[in-house]
Structure formats: C-alpha cells, structure tokens
Amino acid sequence: MTVSGRPRQADAGTGLVDRYGRVATDLRVSLTDRCNLRCAYCMPAEGLDWLPKPELLTDDEIVRLAGIGVTMLGIREIRFTGGEPLLRRGLAGIIGAVTALEPRPKTMLTTNAIGLERMARQLAESGLDRINISLDTLRPERFSQITRRHRLDDVLAGVHAANAAGLRPVKINTVLLRDVNDDEAPELLDFAVEHGLELRFIEQMPLDAQHAWRRENMVSSEEILAALSKRFTLTPDPAERGGAPAETWLVDGGPAKVGVIASVTRPFCGACDRTRLTADGQIRNCLFARTENDLRTPLRSGASDAEIAELWRTAMWGKLPGHGINDPTFLQPERPMSAIGG
Ligand code: SAM
Ligand code: SF4
C-alpha cells in the first residue's frame with residue numbers, strides 16, 4: 001500500500017486489484033455470442049454477425065483460464081453467460097471441470113431457459129450451484145413481441161425444471177420496457193412468490209446492438225418500486241448487500257424477496273468485484289469498458305500460467321472508477337451485451 005492507502009500495481013500480488021482498491025473475485029464467462037431469442041433490448045431482429053468459430057475459446061481453454069483465475073488470482077465465483085450459454089455443447093463438462101478446481105468456486109448460470117427442461121438435472125449434477133433465468137413477461141403475445149420468438153412455454157418449463165433440480169432459489173431477471181411490459185411488475189412478483197422464485201428487475205442499459213437505448217424509455221428503479229408498493233409492502237432486506245448489484249426488499253414481511261438492479265440510476269461501481277472473459281478470450285474489466293485485453297493470443301502462443309495471470313492483473317488494474325452512463329460524454333461499448341456476456 002502507498003501512504004495514501006491506495007494500492008500500487010506492484011502490490012497487486014496474487015489478486016485482481018485495480019487502482020481504486022477494488023478486488024475482483026467474481027468472474028463472468030461468456031460461452032457464446034449466439035442466441036435462440038432476439039430480445040429487443042439486446043439484439044436486433046436480424047443481421048448480427050457471429051464471432052468466427054476459430055476465434056472462440058475451446059472448452060479446455062476456458063477451463064484453463066478459469067483455473068488460473070481460481071488458483072492464482074482469487075476468483076471465488078464463476079458465472080456462465082452469453083449469448084445463450086445452454087447453446088454451448090460442452091456446458092456440463094465445463095461446469096464439472098471448474099467445480100473440481102481447488103478451492104472450489106461457486107458456479108452460476110444466466111440463461112433464457114430454452115432447453116433447460118432437458119438439462120437442469122444434468123447441470124445440477126455437474127456442480128452448478130445457482131441459476132438466473134431471464135423472463136420479462138408471463139403473457140405469450142408479449143413474450144413474442146419482446147423476444148421475437150414464440151417460446152414462453154419452453155422458458156416456463158425451464159423455470160420449473162430448475163426448481164425441481166434443486167437449483168434454488170431460482171432467480172428471475174426481468175427488464176421492463178416502457179409501454180410494452182411496464183404494467184406487469186406486480187403480476188411477475190405474484191408469480192415469483194407463488195413459485196418460490198427470487199425476482200430481480202434490471203434497469204435497461206445502453207448495451208443493445210442497435211444502439212436504440214433512450215434514457216426516457218428506461219423504466220427506473222424508482223418507478224418499479226412505486227408500482228410494486230401499490231400491491232405489496234416492501235421493507236429493506238436486512239441481509240448484507242456486499243458487492244451484489246441488486247438492492248433487495250422483503251415482500252410483505254418476508255421471507256420472499258424482490259430485488260432491483262439500478263445500474264443506471266444508482267450505479268454500484270464503487271463496490272464492483274467483477275472481471276469478464278468474452279467467448280473469444282478477451283478480458284473486460286467492466287461491462288461498459290471500451291478496451292479489452294487479449295488472453296487468447298498468448299494462450300495459443302504458449303504463454304505460461306504465470307504470464308497469463310500477469311496479463312489479467314494488468315487488465316484489471318486499468319478499470320475505470322465508474323461506467324459513466326450518466327456523463328454527457330458517455331459512449332456505448334462497441335460490443336453488444338450478447339457478445340460481452342451479461
Ligand atoms: N441469454 C441469457 C439470458 O438472457 O439470460 C444470458 C445472456 S443475457 C445478455 C444476460 C442478462 O442481461 C439477461 O438477464 C438480460 O435480460 C440482460 N440484458 C440484456 N440486455 C440488456 C440491457 N440492454 N439492459 C439490461 N439488461 C440486459
Ligand atoms: Fe438472447 Fe439473453 Fe440477449 Fe435475450 S437477453 S437476446 S436471451 S442473449
């Protein structure tokens with residue numbers, strides 16, 4: 001540490017420290033940029049190019065990088081995401097290999113749940129600890145409007161299969177869109193409470209491939225809480241928040257909870273503990289970063305684990321203090337959410 005208490009990079013030692021003193025222990029791995037839905041706030045209806053296959057990390061490469069993260073850099077949690085991670089054939093094998101690491105990291109999955117009905121048990125048996133399922137509406141016609149696919153039944157079957165496989169509490173991620181599903185918050189919370197699911201609303205962020213995000217169309221955390229409070233009594237959750245992005249409330253005295261991830265109106269960058277690996281082997285120190293650090297090339301050129309760990313540390317050291325969405329000079333990252341890994 002320096003006299004001022006701020007770390008120097010040389011002090012980073014084994015962990016993923018940045019110049020503001022934050023330590024990344026939570027790794028998000030994007031397994032693919034492809035998806036079988038086309039959610040309006042994420043992807044265009046058509047015309048998005050996929051990453052070329054040779055550029056994608058293989059299962060073994062992902063497991064090696066996860067191993068470096070866990071054994072040399074202090075990673076304690078690994079979330080698999082995408083694109084749609086269930087489209088990755090080797091998913092169960094990757095989870096199995098990662099949960100065999102020492103010390104065993106917690107493993108999580110963020111998914112749209114299409115195909116989960118078939119896979120939930122196998123994933124739980126492979127060592128998956130927790131799951132987040134994206135579900136923005138319970139109405140079939142709205143689901144088709146938002147995702148541009150008629151798959152609501154598959155998603156609901158996936159939710160129930162995850163519960164039955166013991167991946168509890170299943171968390172549900174919901175994005176509300178103005179004049180599309182913004183009247184459905186209480187209905188979704190009723191559904192979640194009834195089925196023992198933990199619902200979390202996410203403010204829409206400027207990460208869509210079409211660059212169509214407009215602040216005035218974003219349904220804010222304040223609006224969401226006001227809508228829920230008409231039907232439910234919400235009291236602040238006494239549980240420690242830590243680096244968790246969701247602020248949570250007890251619903252009607254608990255034990256049911258509801259969360260809001262107010263990334264835009266109440267940014268939590270100061271407590272961020274994340275590092276991200278894209279499907280093509282780039283480290284991103286923030287969802288909104290405009291630069292990436294390549295690990296794939298050194299990985300394929302024979303770099304040692306220690307050399308890769310050092311490159312990863314350097315990537316994280318450069319993390320900015322905040323995402324800057326609320327600054328007039330904010331520029332959206334070039335890659336959309338589906339290619340970064342949400
Ligand atoms: N396909 C999987 C899914 O939908 O859960 C994983 C990837 S998706 C990019 C991860 C999460 O990001 C989802 O919960 C989705 O709702 C959320 N998301 C996507 N685009 C978003 C945006 N522009 N603003 C806020 N959340 C977004
Ligand atoms: Fe696919 Fe998830 Fe993006 Fe929807 S939010 S298009 S399910 S990657």
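Begin by selecting ligand 2 in this predicted model, and colour the residues around it by class: the shell holds 4 nonpolar and 2 polar residues, and no charged residues. If you then label these neighbours one by one, you will read C35, L37, C39, C42, G83 and N112.

Keep G83 selected as you move to the next stop, since this residue surrounds ligand 2 and is also listed among the closest residues to ligand 1. Now select ligand 1 itself, which is surrounded by 18 residues, the closest being Y41, G83, E84, S134 and M205. Coloured by class, this shell shows 6 nonpolar, 10 polar and 2 charged residues.

Which backbone atoms should you look for beside the nitrogen atoms of ligand 1? Show the backbone of Y41, where a polar atom lies 2.9 Å from a nitrogen atom of ligand 1, and then the backbone of G83, where a polar atom lies 3.0 Å from a nitrogen atom of the ligand. Next, display the side chain of N173, because a pair of atoms within 3.5 Å is counted as a polar contact, and here an N or O atom of that side chain is 3.2 Å from an oxygen atom of ligand 1. Switch on a surface at this point: ligand 1 taken alone exposes 540 Å², and the protein buries 96% of that area. To see which strands take part in the shell, select β5, residues 106-111, and β7, residues 171-175, each of which supplies at least two residues around ligand 1.

The tour now turns to the helices, which are best viewed as cartoons. Select helix α1, residues 59-72, together with helix α2, residues 91-99, and look along the place where they pack, at an angle of about 25° and with their axes 10 Å apart. Angles under 35 degrees count as roughly parallel, and α1 and α2 are therefore described as roughly parallel to each other. Their crossing is right-handed.

Leave α2 on screen and add helix α3, residues 116-126; these two helices pack at an angle of about 20°, with their axes 8 Å apart. That angle makes α2 roughly parallel to α3, and the crossing of this pair is right-handed.

From α3, continue to helix α5, residues 152-164, which packs against α3 at an angle of about 20°, with the axes 8 Å apart. The pair α3 and α5 is therefore roughly parallel as well, and the crossing of these two helices is right-handed.

The last stops concern the backbone. Most residues other than glycine have a negative phi, and most peptide bonds are trans. With that in mind, which form does the peptide bond between E102 and P103 take, cis or trans? Zoom in on E102 and P103 and you will find a cis bond, with omega about -5°, while P103 itself lies in the loop between α2 and β5.

Select next the peptide bond from G254 to P255, which is cis with omega near 5°; P255 is found in the loop between β10, residues 247-251, and β11, residues 257-261.

Finish at H211, which is not a glycine and yet has a positive phi of about 55°. To find H211 in the cartoon, follow the loop between β8, residues 198-202, and α7, residues 221-229.

Conventions. Residues are numbered from 1 along each chain as its sequence is written. Chains are lettered from A and ligands numbered from 1 in the order in which they are written. This is a predicted model: local features need pLDDT of at least 70, side-chain atom pairs count only at pLDDT 80 or more; totals for chains, interfaces and linings use all residues. Side-chain values use heavy atoms; hydrogens and water are left out. A residue is near a molecule or strand if one of its heavy atoms lies within 4 Å of it. A polar contact is a pair of N or O atoms within 3.5 Å; within protein, one must be able to donate a hydrogen and the other to accept it, and residues adjacent in sequence count only if both atoms are side-chain atoms. Accessible areas come from the Shrake-Rupley method with a 1.4 Å probe; for residues, only the protein chains shown count as cover. Helices (H or I, at least four residues) and strands (E, at least two) are DSSP runs, numbered from the N terminus. Ala, Val, Leu, Ile, Met, Phe, Trp, Tyr, Cys and Pro count as nonpolar, Asp, Glu, Lys and Arg as charged, and the others, Gly among them, as polar. Axes are lines fitted to C-alpha atoms, for helices over the stretch in contact, and angles run from 0 to 180 degrees between N-to-C directions. Angles under 35 degrees count as roughly parallel, over 145 as roughly antiparallel, 65 to 115 as roughly perpendicular and the rest as oblique. A crossing is left-handed if the near helix is turned anticlockwise from the far one by less than a right angle, and right-handed if clockwise.
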